[in-house]
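Q: Hey, I've just opened this one and don't know my way around yet. Can you walk me through some of the details?

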Amino acid sequence: MPLPITDVTSYGAVGNGHTDSTNAIAKAVTVAGARGGTLYFPPGHYLVGGSGLGSGIEIRVGQPLTIAGAGSSLVTITNTNPTGGLLSVRVDHTVVEGLTLDAQSSNTRQALGVLANDVTVQYCRILGGRQFFAIYYAGPSGATPAAPLYNSGNRLLNDYVSDLVDNDGISWSFQENSLIENLVHTGSRLALYVDRYVTVQNETYRPGPQGGGTAGFWISAPSDHITINNFTSYGMGGIISDNGVDVSTNITIANERLMVPGNTLRVDAARGLTIRGCNFGTDGTILFTGSMATTSVLIEGCTALPMIRFQGSAPVSAEFLADSYPSVATAVPHRQTFYNFNSGRPVFSVNGGVWGNRAGGLFGGAPATYTVTNLAGYN
């Protein structure tokens, strides 16, 4: 831990799970902010509260700090103010590590809010309630999809997140050059809202008990250069959305696995989409829908992708390259189905792999322009 170390218990904080330590921690924050180093939480259960929309712990001014606990299994900070957040970070280069941030027990607002650059949150447990995001990276003040501004360099590393909100469990908004890696997330979706050059790597997602918001991830337009790699989902495979005006560009979904049959990766619209090395199980779907064109799609090297649906009103231009699909237990091998329901003439090509067709599939529905080459087992 960077020196000097400011121990919150030296300023009156008590980790007994009963005593409100808001004022004591605020004193420690003031001292640590003036001299830098580490704001340290020894093992214990600390309560913070306050009133209004403010957070129980505010890092607003001063030197960059490492806010460190003895370990997420040893240190819990619980917010008791239902109208406010728990930890707010507005100082660049802050590090948060080794803590459990609990906004779930009292159903408060966000457990973690960040409005800064180069903030790293690692080895933490972050627990969100039912009324707001568990984690909220808001982006600079005044940012809009039409006129985006960005915070840069923020990272979530090796964290566990649980939320109960029926919306976005994690709101990663107006972020660039950032990384989310080794995340275990139970609850609602990861929302990548108007981001650019963001990588999400090695996430395992499970839906929580809430009924909605369980898309896995949601990429909102106009995002650019988003990479989702090694995303394992026990819910949906995610949504790449448009906003009716803009689409996202240069999106890569690599090595995604859908663990529950019948789930979908939904593409409303995109320009430049690569889906590579994915396994969508025995009953998964890529659904192309929406009213804006989807162009320059490459689906490559997928080992299980049973169903493709073109269901929007706008054209889709896609290439399928070197994909292979497992057989299903039917009299005639059936390895791939194209559905073309109400689409405005999708354009796609198939090059390599093992494919099949059935009534209402590739040649059914509205006319399509297609090229089929170098196939094995086509019927």
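Q: Let's start with Glu176: is it buried or exposed?
A: Glu176 is buried, with a relative accessible area of 15%. Buried means under 20% relative accessible area, exposed means over 50%, and partly exposed is in between, using a 1.4 Å probe and protein chains only.

Q: Before we go on, what kind of model is this?
A: It's a predicted model, where local features need pLDDT of at least 70 and side-chain atom pairs count only at pLDDT 80 or more, while totals for chains, interfaces and linings use all residues. Residues are numbered from 1 along each chain as its sequence is written, and side-chain values use heavy atoms, with hydrogens and water left out.

Q: Cool. Which residue does Glu176 form a salt bridge with?
A: Arg196, with the closest N and O atoms 2.6 Å apart. A salt bridge here is a side-chain nitrogen of Lys or Arg within 4 Å of a carboxyl oxygen of Asp or Glu.

Q: Where do those two sit in the chain?
A: Glu176 is in strand E19 (residues 175-187) and Arg196 in strand E21 (residues 196-207), so the pair links distant parts of the chain, 20 residues apart. Strands (E, at least two residues) and helices (H or I, at least four) are DSSP runs, numbered from the N terminus. Arg196 counts as partly exposed, at 32% relative accessibility.

Q: How many salt bridges does the structure hold?
A: Five. One of them joins Glu300 and Arg276, at 3.2 Å from N to O. Glu300 lies in strand E30 and Arg276 in strand E28 (residues 270-276), so that pair ties together parts 24 residues apart in sequence. Glu300 is partly exposed at 21% relative accessibility, and Arg276 is partly exposed too, at 37%.

Q: You mentioned E30. Which strand does E30 pair with?
A: Strand E30 (residues 294-300) pairs with E32 in the parallel sense, over five bridges. To count as a pair, two strands need at least two bridges found by DSSP. One of the contacts to look for is Thr294, whose bridge partner in E32 is Val316.

Q: What do the faces of E32 look like?
A: In E32 (residues 316-321), Val316, Ala318 and Phe320 make up the covered face, while Ser317, Glu319 and Leu321 are on the uncovered one. In a regular strand the side chains alternate between the two faces of the sheet.

Q: Switching topic: which residues of H1 are buried?
A: Thr22, Ala24, Ile25, Ala28, Val29, Ala32 and Gly33. They cover an arc of only 165° around the axis (taken from the directions from the helix axis to the C-beta atoms), so they're on the same side of H1. The face turned away from that side carries the exposed residues Asn23, Lys27, Thr30 and Ala34.

Q: And what do the buried ones pack against?
A: They pack against strands E1 (5-7), E2 (16-20), E3 (37-41), E4 (44-48), E5 (57-59) and E6 (65-69), where contact means heavy atoms within 4.5 Å. Right after H1 comes Gly36, with a positive phi near 80°.

Q: Last one: how many disulfides are there?
A: Zero, where a disulfide is a pair of cysteine sulfur atoms within 2.5 Å. The sulfur of Cys278 is 4.7 Å from the closest cysteine sulfur, in Cys302, and that's too far for a bond. Cys278 is buried, at 0% relative accessible area, and Cys302 is buried as well, at 1%.
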